[in-house]
Amino acid sequence: MERILKEKIRETLKVLYNSDVPEDLIQIQETRKDFRGDFTLVVFPLLRYSKNTPEKTGENIGSHIASTFPAVSGFNVVKGFLNLEISDEWWMDYFRKIASESDLLQRCQVKSPEVILVEYSSPNTNKPLHLGHIRNNLLGFSLFRILSACGHKVIKTNIVNDRGIHICKSMLAWQKYGNGETPASSGMKGDHLVGKYYVIFEKELKLQSGELMAKGIAEEDARNSAPLMKDAREMLLKWEAGNKEVMDLWKMMNSWVYAGFDETYRKLGVDFDKIYYESETYKIGRDLVLTALDKHILYRNTDSSIWADLDAEGLDQKLLLRSDGTAVYMTQDLGTAVLRHEEYGFNRCLYVVGNEQNYHFQVLKALLKKMGYDWSDGLFHFSYGMVELPEGRMKSREGIIVDADDLISEMITTARDVSQELGKLSDFAEAEKDEIFRKIGLGALKYFILKVDPKKNMTFNPSESIDFNGNTGPFIQYTYARIKSVFRKADQTGIRSDTGDYTGIKAGEKEIALIRLLRKFTDTVSEAANNYSPALVANYCYELSKEYNQFYHDFSILGEPDPARRSFRLDLSKVTSAILYSGMNLLGIEMPERM
RNA sequence: GGUUCCGUAGCUCAGUUGGAUAGAGCAACAGCCUUCUAAGCUGUGGGUCGCGAGUUCGACUCUCGCCGGAAUCACCA
């Protein structure tokens, strides 16, 4: 409609002022609630063509449009704003059209679909997932759904950071203090058990370095020269050399962690098409580095460590292989990127990684470019903000974290408590109720995370927990469940929505308002894809739910005596529920039929 | 110190390529269930959009400078 209006206005300007006005000067926006009308033309930019006052210009354009374009039923001018009213017939026609489409997302299809790789999650195998990872996983998975909805071929990948000094830390601690403890013997989830030893390592290290610091050694030196740290470095060397004992320990502990991760992923409802392991890709990276060294793209320091000079790119020097020959984080990321491009030939590769690594990805992109991989232009760091606690950021090393598994089960428990308090679902079987509480608890959690602009840091206050009223997932789920309930009742009483024809009925203002909002769904999804922002979809679903709830409150649907009007309202409800379902699905949020 | 990001109601967050009187929720207070699910709806109070300039017909939005916060600049990941 905006496009048609723009064209009509252009024609009008040609007739009235005999001038060809560039399109970007014709600014159409939705009319604000406080004014009458549907779309508003900002006339200020047009004054140089009309050579008239804003009011007069608006009047002239308005009356010309209204008399030549039947869809415009009226207009008014406030200051420099021309508010155009679209006829109810147009809205009704539009609504009938979308009501007959089985999948509105078809409207979001892009002209040229791309192969897009989305990397998300990227856990370390030395500790369990926490709230920060939840944000990462939800964002990554939602981006996958949104981009797929627009017709792209999206591949979900995960890179598991399963090697490196930090992994050796928990291995070493387990070796020294574990007494052979296993998930089976302790009853602990594997990732939690390994995480426990990571914390123990840090605790013991702190003791050792504390002793050294008491002798006057600086903190950093103390940490590095503590015996435990030396042992960890030695273990990494052994690992890279393929020492059997170390490898066996590594494999065993990693398998514990993977079992734990799988369970958390399953609960969160996320999955992957392809999982990469740093333990495999770092070698590719190392070879790349050595090849680039031969080509003099990189240089070797006197201590035989290998570096990239990115001065020209404004990015300083970057270490790529340590003096002892072991790889760093960047090394494996180079290898992973090249491997992925070989395997998928992607157009775009999105890295869902926290904004603390902005610099890392600038360097990665520049390095690949320097090495001659022009496709590195397609790499995009989807940089999201940190989840902080009221006291500041979470600290895995000290165990000050909001654990993912704990939080998920707390949410489900809360959903149960709230439901019970409200006296709902009392006639349901336990298994059915469990399933509903799971959907609601996770819906609350996921929505809480996804409604926030991904770029921004966000605060999570554990003591306040997550709400179930207002701008929340359960609110939207509730709206959906209400609509489903209406349809169940309609079935029982033999009233069907598809039997009636509502041509010619006059819709109320609230009903038109609902249609206007329904219309925004597909644009919102496209915008969310372009801006990589699930939050836009989340906030849209909330807005729609609010609007529908007002409609639901003000009007009777099944109690409406006029059959045409009744079917219209049923159709409005049907399209609303379909959009809510579809929109929330893009966020990875499931909808309960009852709650 | 360099670079990047952030600062909107008591709290958590929206706010489109610069457009009209800056919006929601939570919390507080006051109403609405004999009627399709009250996890809902309606209303009241609450703002120097960090501060100050500049550009513009018009700035929460763009530019510059301050103030405050965060991240990063590792032979950590």
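This report walks through a predicted model, looking at its charged contacts, one of its helices and a few individual residues.

**Salt bridges**

Let's begin with the charged pairs. The model holds 36 salt bridges, and three of them are set out below with the closest N to O distance.

| Pair | Closest N to O distance |
|---|---|
| Arg32 and Asp34 | 3.9 Å |
| Arg438 and Glu435 | 2.9 Å |
| Arg569 and Glu560 | 3.0 Å |

Their surroundings are worth a look in the viewer. Arg32 is exposed, and Asp34 is exposed too. In the second pair, Arg438 has a relative accessibility of 24% and counts as partly exposed, while Glu435 is also partly exposed, at 35%. Buried means under 20% relative accessible area, so Arg569, at 5%, counts as buried. Its partner Glu560 is buried as well, with a relative accessible area of 13%. Elsewhere, salt bridges with shared partners link Lys189, Asp191, Lys267 and Asp405 into one network.

**Helix α16**

Arg438 and Glu435 bring us to helix α16, where both of them lie. They sit 3 residues apart, about one turn of the helix. An α-helix has 3.6 residues a turn, so residues three or four places apart point the same way.

Helix α16 runs over residues 430–450. How far apart should its ends be? At 1.5 Å a residue, its 21 residues should span 30 Å, and the end C-alpha atoms are indeed 30 Å apart, so the two values agree. Most of α16 is covered, with 15 of its 21 residues buried. Arg438 and Glu435, by contrast, are partly exposed.

**A negative patch on the surface**

Now turn to the beginning of the sequence. Glu7, Glu11, Glu23 and Asp24 come together on the surface as a patch of negative charge. One of them, Glu23, is in the loop that lies between α1 (2–17) and β1 (27–30). With a relative accessible area of 43%, Glu23 is partly exposed.

**Tyr276 in strand β7**

Is Tyr276 buried or exposed? Its relative accessible area is 2%, so Tyr276 is buried. This tyrosine belongs to strand β7, which covers residues 274–277. Try finding Ser122 from there: Tyr276 and Ser122 are 154 residues apart in sequence, yet their C-alpha atoms are 9.4 Å apart in space.

Notes
Residues numbered from 1 in each chain as written. Chains lettered and ligands numbered in written order. Predicted model: local features only at pLDDT ≥ 70, side-chain atom pairs only at ≥ 80, totals over all residues. Heavy atoms only, no water. Patch = residues over 30% accessible without salt bridge, like charges linked within 9 Å, V, L, I, M, F, W, Y side chains within 5 Å. Areas by Shrake-Rupley, 256 points an atom, 1.4 Å probe, with all protein chains shown as cover. Salt bridge = Lys/Arg side-chain N within 4 Å of Asp/Glu carboxyl O. Lys, Arg positive; Asp, Glu negative; His and termini not counted. Charge placed at Lys NZ, Arg CZ, Asp CG, Glu CD. Helix = DSSP H or I, 4+ residues; strand = E, 2+ residues; numbered from the N terminus. Buried < 20%, exposed > 50% of the residue type's maximum accessible area, 1.4 Å probe, protein only. Expected span 1.5 Å × (residues − 1).
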